[in-house]
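Please walk through this protein with the model open beside the text, moving from how far it can be trusted to its interior, and then along one helix and the loop after it.

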Amino acid sequence: MNGTSEVITVYAPRRIDLCTAPFLAKDLDEKLQAGVSLVLDLSQTRFIDPPSTDVLIQGILKARQRRARLSLQKVAPQVKVVLELAGVLQFFRRK
């Protein structure tokens with residue numbers, strides 16, 4: 001790369017729960033590569049269960065290990081509350 005990073009947007013599902021979280025985790029894992037700025041768009045997400053916030057924690061850890069960036073975009077208030085209570089929101093760059 002020539003000093004600029006590739007920006008990739010991943011659109012999260014309407015619900016992030018035990019059924020959908022593994023698919024989101026796989027998508028993040030595939031796209032988090034060195035030099036990539038990955039934006040997780042939560043504009044359609046209206047629910048996230050607390051155990052599924054682990055997918056986001058693992059995403060931020062992988063991003064750091066792989067020298068990539070992971071940020072959140074368009075977080076709905078009800079999702080933001082869950083992320084704050086789970087203690088994960090502080091680790092993300094929000095757009």
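A residue is called exposed when its relative accessible area is over 50%, and buried when that area is under 20%. Because Q90 has a relative accessible area of 62%, this residue is exposed, and its place is in the loop between α3 (77-86) and β6. The backbone oxygen of G87 lies 3.0 Å from a polar atom of the side chain of Q90, while the C-alpha atoms of Q90 and A12, 78 residues apart along the chain, are separated by 19 Å.

All of this is read from a predicted model, and its confidence deserves attention before going further. The mean pLDDT of the protein is 90, with 93% of the residues reaching 70 or more. Confidence is highest in strand β2 (residues 15-16), at a mean of 97, and lowest in strand β6 (residues 93-94), at 50. Where pLDDT is low, the predicted coordinates should not be read in detail.

Turning to the interior, the largest nonpolar core has 27 residues, and L40 and L83 are those with the most contacts inside it. Two or more residues of this core come from each of β1 (6-11), α1 (21-31), β3 (36-41), α2 (53-65), β5 (69-73) and α3, and α2 gives the most, with four residues. In soluble globular proteins, nonpolar side chains tend to be buried together. Not counting residues up to four places away in sequence, L40 touches V10, A12, L24, L28, L56, L70, S71, L72 and Q73.

The other residue singled out in the core, L83, leads to helix α3, whose buried residues are V79, V82 and L83. These three lie on the same side of α3, because they cover an arc of only 95° around the axis. An α-helix has 3.6 residues a turn, so residues three or four places apart point the same way. The face of α3 turned away from its buried side carries the exposed residues P77 and L85, whereas the cover over the buried residues includes β4 (47-48), α2 and β5.

Within α2, T53 shows one part of this packing in detail. T53 counts as buried because its relative accessibility is 5%, and, leaving aside neighbours within four places in sequence, T53 is in contact with I48, V82, L83, A86 and V88. Finally, α3 is followed by G87, whose phi is positive, near 80°, and the backbone oxygen of G87 is the one that lies 3.0 Å from a polar side-chain atom of Q90.

Notes. Residues numbered from 1 in each chain as written. Heavy atoms only, no water. pLDDT = per-residue confidence, 0-100. Buried < 20%, exposed > 50% of the residue type's maximum accessible area, 1.4 Å probe, protein only. Polar contact = N/O pair within 3.5 Å; in protein donor to acceptor, adjacent residues only side chain to side chain. Core = buried A, V, L, I, M, F, W, Y, C linked by side-chain atoms within 4.5 Å. Contact = heavy atoms within 4.5 Å. Arc of directions from axis to C-beta.
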